[in-house]
Amino acid sequence: MFDIYSSNTYEPPLNMSAFLGRRKYYSKINKEKMNDIDKMNEFSLSEQSSNWDNLEISIETAVQKLNPGNIRLTSTKLFELNIIRGKGLLCRSIMKAQSSSLEFTHIYAMLVSFINCQFPNIAELLLIRCVCLFTNAYKCKEEYKCVPPVIFIAHLVHNNVAKDCLVLDILKMLIKTPNLHSIGMVDKILNICGKKLNSNPQNENDLKYLFDTLQNISQDGQIDESVQCLVKSILLTYQNHLEDEQRFDLVAPHKQFTHSLTLNEKYNPQYELDSFVFDLDFKSNEIIFKTNAKQILKEKCKVYYFSNYDFDENMADDEDDEVDLCVAYLDCCFENCTVYNKFFTDIIQNLCLLNPSIVGALEFIFRRCVPVLHTTKPNRIISLAYFFAQLLSLDIISWKIFSSVHLTEIEKSYCGRVFLKAMFNELILQMGNNGLQRRILDP
């Protein structure tokens, strides 16, 4: 009889005790070999630490490079990183960038709304940290620390990432202690998401309480006159003019996961997630995330602009690369440009003749730029106006791009008016008054 552990060598039969002893011996050897294999496969402490540092740098770099023209591209880059492991790093980077540039909070809120569709736990953690930052600063009367999280929360409510109840709780808290700072934040909140709050019938009682309280503050003789003047301005501006607004959403509202948070509950901001921790299952967790990320990146997201003029941008990967190419080209053209050079248009005209898909990319960029012109540098606005005016005058792009331009008091900003004025002045120079008039009236 051959022993099951031997290698083709004959041995005499063994009794039961000897057989069990030998089996135990070889089981121990096999176990040690498996442990050795596991040790070879798992990442060492130094390797995991290095990976963590690279993850932190990659997340911070992507967030720092965020601008109105690359929100979709930035979210794609972040999805390629293990933001589940680095969700604390991502929340910290976004909040840090937002607090240092409050005027671009709406851009960071759009990025969070995009992330929220795929990773709602990350958006929830960011909201929790904003709430904790605000409540702690409010208790300690550190007014300057209250502003960034309040503005961020208002924009996240506006983008359907958080429910209205959160911002209503903040408004109620602020009007309890009326001063220039607290009432000023009330003004900012209503300016950001006041129309959205008013469009929800469930908020009727809360808004009535808010404006009744503000009315009482405006008539209270014990309150500083400057505060009363600000309150009267708010009442005059918002109480009778909170009409439904045109929406600008990066993703469809029905695809958004809306988080329900309040100021009455205690939340854990999990700041320990910002620090490196050794992971025993590091390799398997990395494989799981990469598999899920590949699936997410394959999905094509529908991007919404205005409710009346939605564009279904289900672009193929190669078409998306055409858009990135054009954006990079425009960045190079206008980076250090003080006076527009027609040479830029001549180059893009030749490229359009060689590759017609660039035409669609340019039209897409126009529609994407118009709603966010207020975030663009003044000289760049004029250069963009001249650039697109020359493309129109040469019939390189379609005049249907003006379907994304809405000449209403609500939607048209000062920068938008400057852009259109410069654009049509250039069209008049290129085509003449009669030529431009014929083109505009052409059905």
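**Loops, salt bridges and rings in a predicted model**

At 26% relative accessibility, Gln-270 falls in the partly exposed class. The model examined here is a predicted one, and Gln-270 is a handy place to start looking around it. The residue sits in the loop between H11 and H12. Its backbone is a little unusual: Gln-270 has a positive phi of about 50°, although it is not a glycine. Asn-160 is another non-glycine residue with a positive phi, in this case about 65°. Asn-160 belongs to the loop between helix H7 (143-158) and helix H8 (164-174). With a relative accessibility of 16%, Asn-160 counts as buried, because the cut-off for that class is under 20%.

Back in the loop between helix H11 (225-239) and helix H12 (282-298), there is also Phe-278. Phe-278 is partly exposed, at 33% relative accessible area. Together with Leu-45 and Leu-280, Phe-278 makes up a nonpolar patch on the surface, and the three share about 320 Å² of accessible area.

Next come the charged side chains. Side chains of opposite charge can pair when their charged atoms come close. In this model the count comes to 8 salt bridges. One of them joins Glu-56 to Arg-92, with the closest N and O atoms 2.6 Å apart. Glu-56 is in helix H2 (residues 45-64) and Arg-92 is in helix H4 (residues 87-100), so this bridge ties together parts that are 36 residues apart in sequence. Glu-56 is partly exposed, with a relative accessible area of 21%, and Arg-92 is also partly exposed, at 30%. The pair has company, too: Glu-56, Glu-60 and Arg-92 are linked in a network of salt bridges.

Another salt bridge runs between Asp-206 and Lys-172, where the closest N and O atoms are 2.7 Å apart. Here the link is between distant parts of the chain, with Asp-206 in helix H10 (residues 204-219) and Lys-172 in helix H8, 34 residues apart. Asp-206 is partly exposed at 23% relative accessibility, and Lys-172 is partly exposed with a relative accessible area of 27%.

Further along the chain, the side chains of Arg-439 and Asp-395 meet in a salt bridge, at 2.7 Å from N to O. This pair again links distant parts of the chain: Arg-439 is in helix H17 (residues 414-441), while Asp-395 is in the loop between helix H16 (378-393) and H17, 44 residues apart. Arg-439 has a relative accessible area of 28% and is partly exposed. Asp-395, at 46%, is partly exposed as well.

Aromatic rings offer another way to follow contacts through the model. A search of the whole structure turns up 11 aromatic pairs. In one of these, the rings of Phe-79 and Phe-119 have centres 5.6 Å apart and planes at 55°, so the pair is tilted. Phe-79 is in helix H3 (residues 71-79) and Phe-119 is in the loop between helix H5 (105-118) and helix H6 (120-139), which makes this a link between distant parts of the chain, 40 residues apart. Phe-79 is buried, with just 4% relative accessible area, and Phe-119 is buried too, at 8%.

Trp-399 and Phe-402 form another tilted pair, with ring centres 6.0 Å apart and planes at 45°. Both of these residues are buried. They also take part in a wider arrangement, in which ring pairs link Phe-366, Phe-387, Phe-388, Trp-399, Phe-402, Phe-419 and Phe-424 into a cluster.

One member of that cluster, Phe-366, is among the buried residues of helix H15. The helix covers residues 357-369, and at 1.5 Å a residue its 13 residues should span 18 Å; the end C-alpha atoms are 19 Å apart, which agrees. H15 is mostly covered, with 10 of its 13 residues buried. Among them are the nonpolar Ile-358, Val-359, Leu-362, Phe-364 and Ile-365. The buried set also takes in Glu-363, Arg-367 and Arg-368.

How values were computed: Residues numbered from 1 in each chain as written. Predicted model: local features only at pLDDT ≥ 70, side-chain atom pairs only at ≥ 80, totals over all residues. Heavy atoms only, no water. Patch = residues over 30% accessible without salt bridge, like charges linked within 9 Å, V, L, I, M, F, W, Y side chains within 5 Å. Areas by Shrake-Rupley, 256 points an atom, 1.4 Å probe, with all protein chains shown as cover. Salt bridge = Lys/Arg side-chain N within 4 Å of Asp/Glu carboxyl O. Helix = DSSP H or I, 4+ residues; strand = E, 2+ residues; numbered from the N terminus. Buried < 20%, exposed > 50% of the residue type's maximum accessible area, 1.4 Å probe, protein only. Phe/Tyr/Trp six-rings, centres within 6.5 Å; stacked < 30°, edge-to-face > 60°. Expected span 1.5 Å × (residues − 1).
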